[in-house]
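Welcome, and thanks for taking a look at this one with us. Please have the sequence and the 3D view open side by side as you read.

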Amino acid sequence: MELRPSRAPADSEGRAAAYSRRARLISEPENVVPACEIVAVEETEIDKKQCDSGKWQKMSKPHAFTVHYIKRARNHRWRCSEITFWCIDEQLCNQWIQALKELLDSQKSRPKRLLVYINPYGGKRQGKRIYEQKVAPLFNLASISADVVITEHANHAKDNLFEVNIYKYDGIVCVGGDGMFSEVMHGLIGRIQKDSGIDQNNPKTPLAQCSIRIGIIPAGSTDCICYATVGIIDPETSALHIIVGDCQPLDVSSIHHNNTFLKYSVSLLGYGFYGDILKDSEKKRWMGPMRYDFSGFKTFLSHQYYEGTVSFQPAKGTVGSPRDKESCRTGCHICRQTKQLEEQQKNYGLEHKEVEDEWKVIKGKFLAINAVNMSCACPRSPKGLSPAAHLADGSADLILVRKCSRFNFLRYLVRHTNQDDQFDFPFVDVYRVKRFQFTSKHLEDNESDIKDVGKKRFGQFCSDHPACCCNLANSTWNCDGETLDSSAVEVRVHCQLVKLFARGIEIYKDEAAYNLSSNELLS
Ligand SMILES: CCCCCCCCCCCCC/C=C/[C@@H](O)[C@H](COP(=O)(O)O)NC(=O)CCCCCCCCCCCCCCC
Ligand SMILES: Nc1ncnc2c1ncn2[C@@H]1O[C@H](COP(=O)(O)OP(=O)(O)O)[C@@H](O)[C@H]1O
Ligand SMILES: [Ca+2]
């Protein structure tokens, strides 16, 4: 259903006498606001000054209502705009308001009650201000009630999600970065599994899906989950996606070691380069988001490589490939088709077929092992670590960067920032996978010779050959911005385990045009 500002003149019979104060909007026939993009409708108080100006002078006692709606701006940014309709007939005006409010009420996907967690120390420490100044006024306008918790320590939000009655909320919102999102996601997934009697420690158990959506108001350092699911890091845009009740399913990887659950990941699970950056940067939180550039430079110079074995099951059921030129966008057909395939397999009882699927094993020396469930696009790298990765196709892209020269590694990194293909190097391999395992050489050596106690206590270098410099150091994992100390992991992707208040990155017919009305969007 659409609302069109009417061009009909003030009607002597009292019909269709709705006017826009902004003539420009009236004269543009393409300016159509779909009901699903209306933020709120409210009666407009008319002051005397307004009444005495312009053509409204002729109206004896005008009535008006204002429609707040979404207006698209440059680079996927959304803004809340407004248009006021004037009317001479009070009853007609009230009928419009009533009808529009009923229309909004009938949209069941819109949240009414939210639980909000704010990390006051994320990013540039602006979380509280961003929420109060940019988000809360929009939630108020849209009649959304929000219970707000300002976190006092790490894991506050996660622990709280095990205690509160989450089922009375239509969504959980986190104000912070990827680490804060990760915390809220762990709380929510963990709580749902607990309530469903599912043991997270068993890596083979299918997990219960979370129907309560998560919203992200970006206020962190990288914010790649927001960037890759909305297209921009902008609190107002994200708040509007929450208000209209968008829904974007997201794949989640579970990480286990020896039948013990360690963590979940949705963006980057990285060993080597990104693990080392994170570990070093944690000591420099005072620097804010700049810490990543500083530690990135330092880690680049250290040029540390790590030995180990990666084994993985290639994703056969998925439709795309990591070398595709097409990336995941709103209404992505690859995510849709893969989900359909998975459901068909379930119906035929083939979901445990993975047991027979072949494993590919790669031993080597790696500068970085990155598994990404999404492109990981962010302002530092607008196309991300794997530009063709999909948000909801039940697979992850596993990127193996083998030991190479510093210069070649720099060439690889630079390609994240330009149009060249970062996978087109002989030392870089990329695979689309459903499951993978990694064991560091250090652990393999220890396991193969557990009697040799000396080896268990080795330091940075091989104790057998002190002079040979064979590198046995361990890195840590960077799991969505949280460190994970485990030199062996077993990872599996759970298709569409959680849902976000987002819709993926929209495609514009003409990406250069930015003052778009919604009917210019490709579905
Ligand atoms: C020469 C320039 C090379 C630029 C290469 C940029 C690649 C950037 C890829 C970024 C992937 C980000 C994946 C997301 C991870 C986040 O989940 C996670 C947590 O986010 P949060 O803080 O919001 O909670 N963020 C991170 O782990 C931070 C990763 C930061 C990567 C910065 C990399 C900078 C590398 C600089 C190398 C410099 C070499 C210069 C040589 C002369
Ligand atoms: N009140 C708090 N004090 C300290 N740490 C917190 C607090 N609230 C959340 N955290 C933790 O801060 C970490 C980083 O938060 P995040 O919002 O992602 O910021 P950044 O993007 O700067 O890393 C998360 O791991 C989260 O658990
Ligand atoms: Ca995926």
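The report below walks through the ligand sites and then a few elements of the fold. Please keep in mind that this is a predicted model.

## The site of ligand 1

Let us begin with ligand 1, which has 26 residues around it. D178, G179, T222, Y292 and N478 are the closest of these. Three side chains place a polar atom by an oxygen atom of the ligand: Y292 at 2.6 Å, N478 at 2.8 Å and D178 at 2.9 Å. On its own, ligand 1 has 930 Å² of accessible area, and the protein covers 86% of it.

Which elements give two or more residues to this shell? They are α6 (178-195), α10 (291-302) and α12 (406-414). The largest share belongs to α10, with 5 residues. By character, the shell holds 11 nonpolar, 10 polar and 5 charged residues.

## The site of ligand 2

Ligand 2 is surrounded by 20 residues, and T151, G177, E183, S221 and E482 come nearest. Both of the nitrogen contacts described here are worth finding in the viewer. A polar side-chain atom of T151 lies 2.7 Å from a nitrogen atom of ligand 2, while H153 brings a backbone N or O atom to 3.3 Å from a nitrogen atom of the ligand. G123 also uses its backbone, with an N or O atom 2.8 Å from an oxygen atom of ligand 2. Taken alone, the ligand exposes 570 Å², of which the protein buries 88%.

Helix α6 gives the most to this shell, with 4 residues, and α6 is also among the elements that give two or more residues to the shell around ligand 1. The residues around ligand 2 divide into 4 nonpolar, 10 polar and 6 charged.

## The calcium ion

Ligand 3 is a calcium ion, and its protein donors lie 2.2 to 2.9 Å away. D251 and D393 each donate through OD, whereas N373, H390 and S395 each donate through O. Along the sequence, these donor residues follow the spacing D-x121-N-x16-H-x2-D-x1-S. Distant parts of the chain are linked here: D251 sits in strand β11 (residues 248-257), and N373, 122 residues apart from it, sits in the loop between β15 (360-372) and β16 (396-402).

Are D251 and N373 buried or exposed? D251 has 1% relative accessibility and so counts as buried. N373 has a relative accessible area of 2%, and is therefore buried too.

## Covered elements of the fold

Strand β7 (residues 113-118) is largely enclosed by the rest of the structure, because 5 of its 6 residues are buried. It runs parallel to strand β8 (residues 145-150), and 6 bridges join the two. To find the pairing in the viewer, look at R113, whose bridge partner in β8 is S145.

Helix α8 (residues 235-243) is mostly covered as well, with 9 of its 9 residues buried. Among them are the polar or charged E236, T237 and S238, alongside residues such as L240, I242 and I243. Just after α8, G245 takes a positive phi of about 75°.

Notes. Residues are numbered from 1 along each chain as its sequence is written. Chains are lettered from A and ligands numbered from 1 in the order in which they are written. This is a predicted model: local features need pLDDT of at least 70, side-chain atom pairs count only at pLDDT 80 or more; totals for chains, interfaces and linings use all residues. Side-chain values use heavy atoms; hydrogens and water are left out. A residue is near a molecule or strand if one of its heavy atoms lies within 4 Å of it. A polar contact is a pair of N or O atoms within 3.5 Å; within protein, one must be able to donate a hydrogen and the other to accept it, and residues adjacent in sequence count only if both atoms are side-chain atoms. Accessible areas come from the Shrake-Rupley method with a 1.4 Å probe; for residues, only the protein chains shown count as cover. Donors are N, O and S atoms within 2.8 Å of the metal (3.2 Å for Na, K and Ca); water is not among the atoms, so sites may look incomplete. Buried means under 20% relative accessible area, exposed over 50%, partly exposed in between (1.4 Å probe, protein chains only). Two strands pair if DSSP finds at least two bridges between them.
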